[in-house]
Amino acid sequence: MRAVVFEEYGDPEVLKVQDVPEPHAGPGQVRIKVHAAGVNPYDTKIRRGFTKDFAPAKFPAIPGLEVAGVVDEAGDGAAFAVGDEVVGWSVGGSYAEYAIGGNVTRKPADLGWEQAVGVPVAGETSQRVLDLLGVKSGETILIHGAAGAVGSVAVQLAVAAGLTVIGTASAVNHDYLRSIGAVPVLYGDGLLERVREAAPQGVDAVFDTAGKGGLEESIELRGGTDRIITIADFAAGKLGIQTSGGGTGTPEQVRAALDTQLQAAADGKLTIRIADSFTLPDASKAQALSESGHAHGKIVIRP
């Protein structure tokens, strides 16, 4: 099969399309004919070697955590049958024609492939951090990077939970943030004053999805580091800020939450904005866009 692989750590240019052996479903597993693979910042961190001390790549490595597609091979005891449309997490990489499903669930029939593959990581991450922050209806949350793939889902989940959401983003994304229920503010110099103007009632919690500044201002807004979490700034520990980088629920809990979020997307209650879609040969461009921090939504690869 054709797949994107890298055989050394480095820049996006180390990603190449090669013919590799097809994977096969083992007991309890399904093989998926990939219709869409999600691109996430964690993919680029693995490629650059930032995770090699605790999660080294096994070369030749195929990137990709998220997968959406059709089951074409089912192992003994698998929960899905050939022909089922599924979405979730992959085992062994999803930037390929075929992938092994990890924790996957059924895709709603009326939800597109690209929108479906934009839900698993963003939905799990958003709900996990909102739960860790202990937010509740009536509170105000500041979300940095609110127009990104994770940020925009976090905005919508927070709004649905009854929170007032202040979202930082570039000016070009402000109308979009208003459309999903956030009060937009421009990031950069003067952020502190703009947030205080937008939220004179104060900020009860902060969720940083951007990793590009704003934490020191967040500490001042909160009067300390309590109820501030980042998923993107791994130097935040120096400021005493909590970093959340992994799931906390059981596979069953994660899958149940994904089912709810997928159905919300299918019903039009959760918007998954697609920033761009790439083919396998352009995977390096997809990851470069992800690393730029300027993707306005979810980046997808279509084999």
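Q: Let's start with the strands. In which sense do strand β3 and strand β4 pair, and over how many bridges?
A: Keep in mind that this is a predicted model. Strand β3 (residues 30-39) and strand β4 (residues 66-74) run antiparallel to each other, joined over eight bridges. One residue pair to look up is Val34, whose bridge partner in β4 is Gly69.

Q: Which way do side chains point along a strand?
A: In a regular strand they alternate between the two faces of the sheet.

Q: What pairs with β4 besides β3, and which residue in β5 is the bridge partner of Gly69?
A: Strand β5 (residues 85-91) pairs with β4, again in the antiparallel sense, over five bridges. Gly69 has Val86 as its bridge partner in β5. Put that beside the Val34 bridge to Gly69, and you can step across from β3 to β4 to β5.

Q: Now the backbone. Which peptide bond is cis, and where is Pro60?
A: Look at omega for this one. The bond from Phe59 to Pro60 is cis, with omega near -10°. Pro60 is in the loop between α1 (41-48) and β4.

Q: What is the sign of phi at Arg227?
A: Positive, about 60°, although Arg227 is not a glycine. You'll find Arg227 in the loop between α7 (215-222) and β11 (228-230).

Q: How many aromatic pairs turn up in the whole structure?
A: Two. To read a pair, check the distance between ring centres and the angle between planes; over 60 degrees counts as edge-to-face. Phe6 and Phe59 have centres 5.8 Å apart and planes at 75°, so they are edge-to-face. Phe6 lies in the loop between β1 (2-5) and β2 (16-19), and Phe59 in the loop between α1 and β4, so the pair ties together parts 53 residues apart in sequence.

Q: Are Phe6 and Phe59 buried or exposed?
A: Phe6 counts as buried, at 2% relative accessibility. Phe59, at 38%, counts as partly exposed.

Q: Which residue forms the other pair with Phe59?
A: Tyr9, also edge-to-face: 5.1 Å centre to centre, with 65° between the planes. Tyr9 lies in the loop between β1 and β2, so this pair with Phe59 links parts 50 residues apart in sequence. At 27% relative accessibility, Tyr9 counts as partly exposed. Ring pairs thus link Phe6, Tyr9 and Phe59 into a cluster.

Q: Which charged residues sit over the rings of Tyr98 and Tyr176?
A: Here, look along the ring normal. Lys33 lies over the face of Tyr98, 5.0 Å from the ring centre. Over at Tyr176, the charged end of Arg273 sits 3.7 Å from the centre of the ring.

Key:
Residues numbered from 1 in each chain as written. Predicted model: local features only at pLDDT ≥ 70, side-chain atom pairs only at ≥ 80, totals over all residues. Heavy atoms only, no water. Pairing = 2+ DSSP bridges. Helix = DSSP H or I, 4+ residues; strand = E, 2+ residues; numbered from the N terminus. Phe/Tyr/Trp six-rings, centres within 6.5 Å; stacked < 30°, edge-to-face > 60°. Buried < 20%, exposed > 50% of the residue type's maximum accessible area, 1.4 Å probe, protein only. Lys NZ or Arg CZ within 6 Å of the ring centre and 35° of its normal.
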